Amino acid sequence: MASEGNYKLTLILLECLEGQEFDGDEPYIKMNDRRIWSWDLAGRKMHDTLDAKTWTNAFDFRTGKFRTLEGWQQSPNYDPGDFEFPGLSGKTAIQLWEADEHEVLRGEDDFLGELVVSAESIRMSEQVVVFNQNNAMYQLTYLVTDAE
């Protein structure tokens, strides 16, 4: 068990299983209300298909690569370790949002779901959560380990 309830959260993979927007989603992730990742890190909108050269359907946080029609491509905006969060304690809320380009017409960004982790979430292997809300479905793979 983690000493004094400390743990490390590592984001591993975000996959779009069902896109919300016809022209591609613009998802972003917040951790405790602070934006930690955005679709523009890959420079491509996310969609469940790879029909367009401007889309990706997966982002690998460990390598900074995103999946394309041509295979996995390296993001130029990636810094190793950006998605490892050591020394956490208490509850950590991970939220997935979809930015709304047409905010004037539709309103605010769409909330796609929340994952709350704590020291009680520590497991020996990777875990998966599916965010299935507001006509979109995303799968996030993550790891919660004892504090280092």
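**Group meeting: from one loop residue to the whole chain**

Asn134 is partly exposed, because its relative accessible area of 38% falls between the 20% limit for buried and the 50% limit for exposed residues. The structure on the screen is a predicted model, and I begin with this residue for a reason that concerns its backbone. Asn134 is not a glycine, yet its phi is positive, at about 50°. In general, most residues other than glycine have a negative phi. The residue is found in the loop between β12 and β13.

Asn32 may be discussed alongside it. Asn32 lies in the loop that joins β2 and β3, and its phi is near 50°, again a positive value in a residue other than glycine. With a relative accessibility of 41%, Asn32 counts as partly exposed.

Let me now turn to the chain as a whole. How many helices and strands does the secondary structure comprise? There are one helix and 13 strands. Reading from the N terminus, ten β elements precede the α element, and three β elements follow it. The chain is as compact as a globular protein of 148 residues, because its radius of gyration of 15 Å is close to the 15 Å that the globule rule gives for that length. Along the principal axes, the C-alpha atoms fill a box of roughly 45 × 35 × 20 Å.

As to contacts, we consider those between residues at least 6 apart in sequence; of these, 57% join residues at least 24 apart. Of the 148 residues, 49% count as buried. The accessible surface amounts to about 7,800 Å², and carbon and sulfur atoms account for 47% of it. The chain carries 13 positive and 28 negative charges, whose mean positions are 4 Å apart.

Next, the interior. The largest nonpolar core has 33 residues, and those with the most contacts inside it are Leu9, Leu11, Leu14, Ile29, Trp37 and Phe61. Among the elements that give two or more residues to this core are β1 (7-18), β2 (27-31), β3 (34-38) and β13 (136-146). Leu11 serves as an example. Leaving aside residues up to four places away in sequence, Leu11 touches Ile29, Ile36, Phe61, Arg62, Phe83, Phe85, Leu140, Thr141 and Tyr142.

Strand β13 also holds Met137. Which residues does Met137 touch, not counting those up to four places away in sequence? They are Glu15, Cys16, Leu17, Glu18, Val130, Phe131 and Asn132. Met137 is partly exposed, because its relative accessibility is 23% and the buried class ends at 20%. Asp79 stands 58 residues from Met137 in sequence, and the two C-alpha atoms are 27 Å apart in space.

My last residue is Ser121, which is found in the loop between β11 and β12. Is Ser121 buried or exposed? It counts as buried, because its relative accessibility is 12%, under the 20% limit. Beyond residues up to four places away in sequence, Ser121 touches Val116, Gln127 and Val144.

To conclude, two loop residues, Asn32 and Asn134, are partly exposed, whereas Ser121, also in a loop, is buried.

How values were computed: Residues are numbered from 1 along each chain as its sequence is written. This is a predicted model: local features need pLDDT of at least 70, side-chain atom pairs count only at pLDDT 80 or more; totals for chains, interfaces and linings use all residues. Side-chain values use heavy atoms; hydrogens and water are left out. Helices (H or I, at least four residues) and strands (E, at least two) are DSSP runs, numbered from the N terminus. The radius of gyration is taken over C-alpha atoms; the globule rule is 2.2 Å times the number of residues to the power 0.38. Buried means under 20% relative accessible area, exposed over 50%, partly exposed in between (1.4 Å probe, protein chains only). Contact means heavy atoms within 4.5 Å. Accessible areas come from the Shrake-Rupley method with a 1.4 Å probe; for residues, only the protein chains shown count as cover. Lys and Arg count as positive and Asp and Glu as negative; His and the chain ends are not counted. The place of a charge is taken as NZ of Lys, CZ of Arg, CG of Asp or CD of Glu. A nonpolar core is a set of buried Ala, Val, Leu, Ile, Met, Phe, Trp, Tyr and Cys residues joined through side-chain atoms within 4.5 Å.
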